[in-house]
Amino acid sequence: MMKVFRTGFWMGIQKAVRCVVTRDRAQDTYVLTGKTSLKQHSSQRLALAMLLICSSPFSFAAGKPATDYLPVNSALNPDIPTPESVLGYDVGTWHVRHDQLVRYMQVLAESSDRISLEVTGYTHEQRPLLLLTITAPQNRDKLPQWQKAHVENVTQGTRAKDGAPLVLYMGYSVHGNEPSGANSSLLVAYYLAASNDARVTSLLSDNVVLLDPSFNPDGLSRFAQWANMHKGQVLSSDPEHREHNEGWPNGRTNHYWFDLNRDWLMLIHPESRARIKQFQKWRPHVLTDFHEMGTDSTYFFQPGVPSRKNPFTPEGNVRLTEALADSFIQAFDDQKNLYFSEEGFDDFYYGKGSTYPDAQGSIGILFEQASSRGHLQDSINGPVAFAQTIQNQFTMSLAVFDGALKNKAALTEYPRRFYNETQSLIKDDDIAAYVLHEPKDAWRLKQAKWVFEQHGIDFIVPENDVSADDKTFAAAHTLVVPLNQQKYRLIKSLFSTQQQFPDNTFYDVSNWNLPLAFDLGFSSLTARELKRVKRGEMHQNELPAVASDAYGYAFEWHHFTSPALLQALLSAGVDARIATTSFNAMTTQGERAFELGSIVVPAGVVQPENVGALIASASAKHQVPVYSITSGSTSVGSDLGSRSMVPARAPKVLVIGGEGTNPYQVGEIWHHLDTQIGMPVTLIEQERLGRITLADYSHIVFASGRYDLNDKQSNAISEWVKAGGTLIGQMSALSLFSKEKWLSVQVSDRNDVDRLFDESGLTYADRSALAAKKLIAGAVYIANIDVTHPLFYGFDEPYLHVFKTANTVVSSSQSPFNVPARYTRSPLVAGYSADVLAEKIAGSAAVVAQPMGRGRVIGFTDNPQFRGYWYGTSKLMSNALLLSEAIR
């Protein structure tokens, strides 16, 4: 296959001609193949002139053999299969599918004694997640010993022995439509398996390379299908070509349309869980994260913006990153490639691949390549060819190896320095531990335990009750996280409520406090208080037996999995009722109080056969206690036959997606209902809304987005709500709801925000800083909530922490019956927001729910399902769907 020569001069050519320009590396000449002639020139300008002579349509050679990507005169083992010998085409000719990538890695592992291949997990779509362990054959038996010794050095702060190996974790393409990384992994694996060059043999002789070829197989395969299906024999470089403009949703995300590069902390998805397990197993010295960015960019590598690193990341991390970057600079200077660093990207959010390692004594490094978003695309820097993007990622991968070897002594010493500096921080901290507490819902506390376990964070299940802040926390519902451990910095970030920062520009969220996200009470302990905490055993919650001949059954709604239990019962045909008043009933366990929102299943109506056994099975599956009631008469509150027991209906949910809507939010709604509630949903693109029979659905959900409904569609939705439907919208969808008068609210726009900020005295150079102040990139706010409202059934406290990612202000003068949640007078709890924004949001509406005919319209100012882990608010969507019949 031919080697493509590219030059910016070609951007001036308006008339295409069929000529292929290739380079003979040995002779340093450029070859032009035309319809009738073959010419050779050593001058780039003469090569260009020959293009103009050719008379047929012009084309680029799309890919090239693996050896053309490798360093010149590489000594290669001929017994190691090249990528093209397995793929059937040269790397860069087509976008590699994940199954093809897997097959080649399997062939390499079978052919090379340097490589072992492990399947670490499977994606939602059951694609295997791979990890290649690459080292010299003689090291194979040493790997368990090396791994154990290195982890001990990291976790105990001991000095690494002379000659101790480096562990380098090479990770590629966490965003599926940033494929140059995953495609270059074919070349990296081949080069390490086949090369006998000194740089490779030296690297593998006493070090370990862990190669993760695709962080996001589902997204990679989705994008490969898109790019390949639009490739012609003559490549189109026009940015407007469909190949370069993916359909909705694009390949960036995983199966549920989540950004996996925001999931390194909370681990909602199997891809993240498998990856973190390997990270914690190996604790690599360096972890790389290869991405792509806009086509008109060049190439970025860290360090990023110096003022925008996380305060818990030590300066030593930055200095080492800078030292490694010397090799990146040298590699691209040698090739005359454009690049930039120390701008545009930050190291603040620990939930990303390039920053998660920084909290734990490793060096995370972000790389960003200008994307071809297909096979060839024009840019301000000339045509960006897919093969060249692969070449750049491969070149930078080798530069990582070179830089690591040059700085091996510093890298092997850094974990000990990190440990010692962390011990100094622990000693100076007035806080010795954090206490997590949740008295009624064991699931959310259990989920916190699980997250800690995945990250290797030690916690204590106390033997006795714990006292803190003049409160006593029952041991059975409490977790204690001591700070005197190697993960101190990660723990501090997970409990941070910081609101002021040296630089208020954030590439991602400014807070990710775990207890606030999980709606858990938390406090801090002093060293003296922590000494009184003794380790106990894990508490097992025993479920009450479910009687087969009960008068009825009841369970409370404060359990996180109660919605899943109700959905399972409704799907099985069970007739269930929503208690809109609290009551006391006699059960087989004695008299028991049931709060608002409890679910009652009366035996005296038509029920499925063996309803008691059905309920018992569902109770065990979802770990929600169900109590057997012995009489319909209650000692307090409504009897079981009261009209205040509102029938629950199995929802038939229509979720609006498609172009204009936010795929992340649509995916989060889908993920929540599918994986946490077990509820089937119908996803449609908004352009099909006019062809849908709305009467077939009980609920319609609008995520954030831009909507353009015609009068017929708007009227149809209005009539559907009046007939009894439930309409739900969140974030920017509330602008549509306000416009259509479905909700009586006023939604702020960009001009409203602009007017809050004084621009007098500012200069042109202040634009970016001012724009950053106007944003709420991700901060925690607190709202007062009405726990007697059906949307807030199951919530224990009269306040709720919500995650805000937009500066939208929703104003409403409606009665408190229709506005059950408003932000408090001082609403900012954690993360950054400009004072004037927080003041404007204070007292505004957080949740609105108003009747409309026999139906109701519900609006959420924020996103209740944020990234699938904001469990404190995700139950709001469950309530809006399963308890909506109680909103009247």
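The exercises below concern a predicted model, and each is followed by a worked solution.

**Exercise 1. The nine-stranded sheet**

Find which strands stand at the edges of the open sheet of nine strands, and state what follows for them.

Solution. Start with the order of the strands, which is β27-β26-β28-β29-β36-β35-β34-β31-β32, with mixed pairing. The edges are held by β27 (681–685) and β32 (799–804); each has a single partner strand, so one side of each is left without a neighbour in the sheet. From one strand to the next, the twist averages 20 degrees.

Next, look at how β28 is joined to the strands beside it. Strand β26 (residues 653–657) and strand β28 (residues 699–702) run parallel and are joined by four bridges. In this pairing, L654 is opposite I700 of β28. β28 and β29 also run parallel, again with four bridges. Here H699 has T726 of β29 as its bridge partner.

**Exercise 2. The two faces of β29**

Decide whether the faces of strand β29 are covered or open.

Solution. First recall that side chains in a regular strand alternate between the two faces of the sheet. Then sort the residues of β29 by side: T726, I728 and Q730 are on one, L727 and G729 on the other. All of these are buried, which leaves both faces covered. The count agrees: in β29 (residues 726–730), five of its five residues are buried.

**Exercise 3. Helix α6**

Compare the expected span of helix α6 with the distance between its end C-alpha atoms.

Solution. Helix α6 covers residues 180–194, which is 15 residues. At 1.5 Å a residue, the expected span is 21 Å, because the rise is multiplied by one less than the number of residues. The end C-alpha atoms are 21 Å apart, in agreement. As for its surroundings, 15 of the 15 residues of α6 are buried, so the helix is largely enclosed by the rest of the structure.

**Exercise 4. An aromatic pair**

Classify the pair formed by F301 and F328, and say which parts it ties together.

Solution. The whole structure holds 41 aromatic pairs. In the pair of F301 and F328, the ring centres are 5.5 Å apart and the planes are at 70 degrees. An angle over 60 degrees counts as edge-to-face, so this pair is edge-to-face. F301 belongs to strand β9 (residues 299–301) and F328 to helix α10 (residues 315–334), so the pair ties together parts 27 residues apart in sequence. Both F301 and F328 are buried. They also belong to a cluster linked by ring pairs, whose members include Y172, F290 and F367.

**Exercise 5. Backbone exceptions**

Locate the cis peptide bonds at P249 and P303, then the positive phi values of D470 and K741.

Solution. As a baseline, most residues other than glycine have a negative phi, and most peptide bonds are trans. W248 and P249 are joined by a cis bond with omega about -10 degrees; P249 is in the loop between α8 (217–229) and α9 (270–282). Q302 and P303 are likewise joined by a cis bond, with omega about 15 degrees, and P303 is in the loop between β9 and α10.

For D470, phi is about 60 degrees; this residue is in the loop between β14 (466–468) and β15 (471–473). K741 has phi near 60 degrees and lies in the loop between α21 (733–739) and β30 (746–747). D470 is exposed, at 86% relative accessibility, and K741 is exposed too, at 68%.

Definitions and conventions: Residues are numbered from 1 along each chain as its sequence is written. This is a predicted model: local features need pLDDT of at least 70, side-chain atom pairs count only at pLDDT 80 or more; totals for chains, interfaces and linings use all residues. Side-chain values use heavy atoms; hydrogens and water are left out. Two strands pair if DSSP finds at least two bridges between them. Axes are lines fitted to C-alpha atoms, for helices over the stretch in contact, and angles run from 0 to 180 degrees between N-to-C directions. Rings of Phe, Tyr and Trp (its six-membered ring) pair if their centres lie within 6.5 Å; planes under 30 degrees apart count as stacked, over 60 as edge-to-face and the rest as tilted. Buried means under 20% relative accessible area, exposed over 50%, partly exposed in between (1.4 Å probe, protein chains only).
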